[in-house]
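Welcome! Take a moment to look over the sequence and the 3D view before reading on.

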Amino acid sequence: MANDKPRILHNGRDLTLSLIPLVAICVLFAAVASQCSFAPFGPKAGPVPYFDVDAALRSDAASLDFPIRDPELPTQWRSNSGSRGEVAGDQGGEVSTVGFITTGGRYLQLTQSEATEATLVPFVAGDDRYATGTEQAGGATWVVYAEDGSEPIWVADLGDARVLLTGSGNHDEFVVLADATVRAAPLPA
């Protein structure tokens, strides 16, 4: 082609004009495949999933060999999740976990287990954590595992069961859950 510029005379404008059709084609394919979304004001919170925490904890109390407590929490808190697991090893045991969304929209997890604190904390946190202090709530002493960049963990030994709290809740919400859990009588087995 006689009218093409020599390669040495190509500049950023030529590159930009060449890329515009390619970007438009990529955006078109992504839109057709429903793989992109546009949210200029950030994601919107959807409804909190419903989870029947009372039924789950009653079922756990009937089938597990340690006491399970069902804390009475503020009516604005919503239970949204639950699971069971097992901590392996000599000091391990069954684990019952339920989760809540607090009035402030933060998540808190309540884990109850017969496992020792030394095996339960790594099971939940997934790494080595070290105790950084204690808190008093509900008449129990809670060992606190707090480090920058990670959600805090509170653990209390209630005799024949350990209770672990973690999540993005603030200090006051941790205290509410800790107090309600300690005050709750174990459910019938």
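Below is a short tour of some helices, a pocket and three single residues. Please keep in mind that this is a predicted model.

**Helix H2 and its covered side**

A good place to start is helix H2, which spans residues 53-63. Its buried residues are Val53, Ala56, Leu57, Asp60 and Ala61. Because these residues cover an arc of only 135 degrees around the axis, they sit on the same side of H2. What lies over them? The cover includes strand S1 (78-87), strand S2 (93-101) and strand S3 (107-113).

**The largest pocket**

Helix H2 and strand S1 turn up again here, as the elements that give two or more residues to the lining of the largest pocket. The space in this pocket comes to about 270 Å³. Its lining is made up of 15 residues, and those nearest the centre are Val53, Trp77, Arg78, Ser79 and Phe100. Val53 is thus a residue to find twice: it is among the buried residues of H2, and it is also among the residues nearest the pocket centre. Sorted by class, the lining holds 10 nonpolar, 1 polar and 4 charged residues.

**Helix H3**

Next comes helix H3, made of residues 117-125. Thr119, Leu120 and Val121 are buried in this helix. Which strands do the buried residues of H3 pack against? They are S1, S2 and S3, together with strand S5 (140-145), strand S6 (153-157) and strand S7 (162-167). Strands S1, S2 and S3 are also part of what covers the buried residues of H2. After H3 comes Gly126, which has a positive phi, near 75 degrees.

**Three residues to look up**

The table puts three residues side by side, each with its relative accessible area and the C-alpha distance to a partner.

| Residue | Relative accessible area | Partner | Separation along the chain | C-alpha distance |
|---|---|---|---|---|
| Pro47 | 79% | Trp154 | 107 residues | 28 Å |
| Ala137 | 5% | Val98 | 39 residues | 20 Å |
| Arg183 | 58% | Glu72 | 111 residues | 8.7 Å |

Pro47 belongs to the loop between helix H1 (12-32) and H2. Is Pro47 buried or exposed? With a relative accessible area of 79%, Pro47 is exposed, since exposed means over 50%.

Ala137 is part of strand S4, residues 133-137. At 5%, Ala137 is buried, because the limit for buried is under 20%. Leaving aside residues up to four places away in sequence, Ala137 touches Trp142, Trp154, Val175, Ala178 and Val182. Trp154 may look familiar, as it is the partner given for Pro47 in the table.

Arg183 lies in helix H4, which covers residues 171-183. Its relative accessibility of 58% makes Arg183 exposed. The Arg183 side chain also has a polar contact, at 2.9 Å, with the side chain of Asp179. As for Glu72, its C-alpha atom is 8.7 Å from that of Arg183, although the two are 111 residues apart along the chain.

Methods:
Residues are numbered from 1 along each chain as its sequence is written. This is a predicted model: local features need pLDDT of at least 70, side-chain atom pairs count only at pLDDT 80 or more; totals for chains, interfaces and linings use all residues. Side-chain values use heavy atoms; hydrogens and water are left out. Buried means under 20% relative accessible area, exposed over 50%, partly exposed in between (1.4 Å probe, protein chains only). Helices (H or I, at least four residues) and strands (E, at least two) are DSSP runs, numbered from the N terminus. The arc is that of the directions from the helix axis to the C-beta atoms. Contact means heavy atoms within 4.5 Å. A polar contact is a pair of N or O atoms within 3.5 Å; within protein, one must be able to donate a hydrogen and the other to accept it, and residues adjacent in sequence count only if both atoms are side-chain atoms. On a 1 Å grid over the protein atoms alone, a cavity is a set of points where a 1.4 Å probe fits but cannot get out, and a pocket is an open set with protein on both sides within 12 Å along at least five of seven lines; lining residues have an atom within 4 Å of a point. Grid points are joined across faces, edges and corners, and a volume is the space filled by probe spheres set on the points. Ala, Val, Leu, Ile, Met, Phe, Trp, Tyr, Cys and Pro count as nonpolar, Asp, Glu, Lys and Arg as charged, and the others, Gly among them, as polar.
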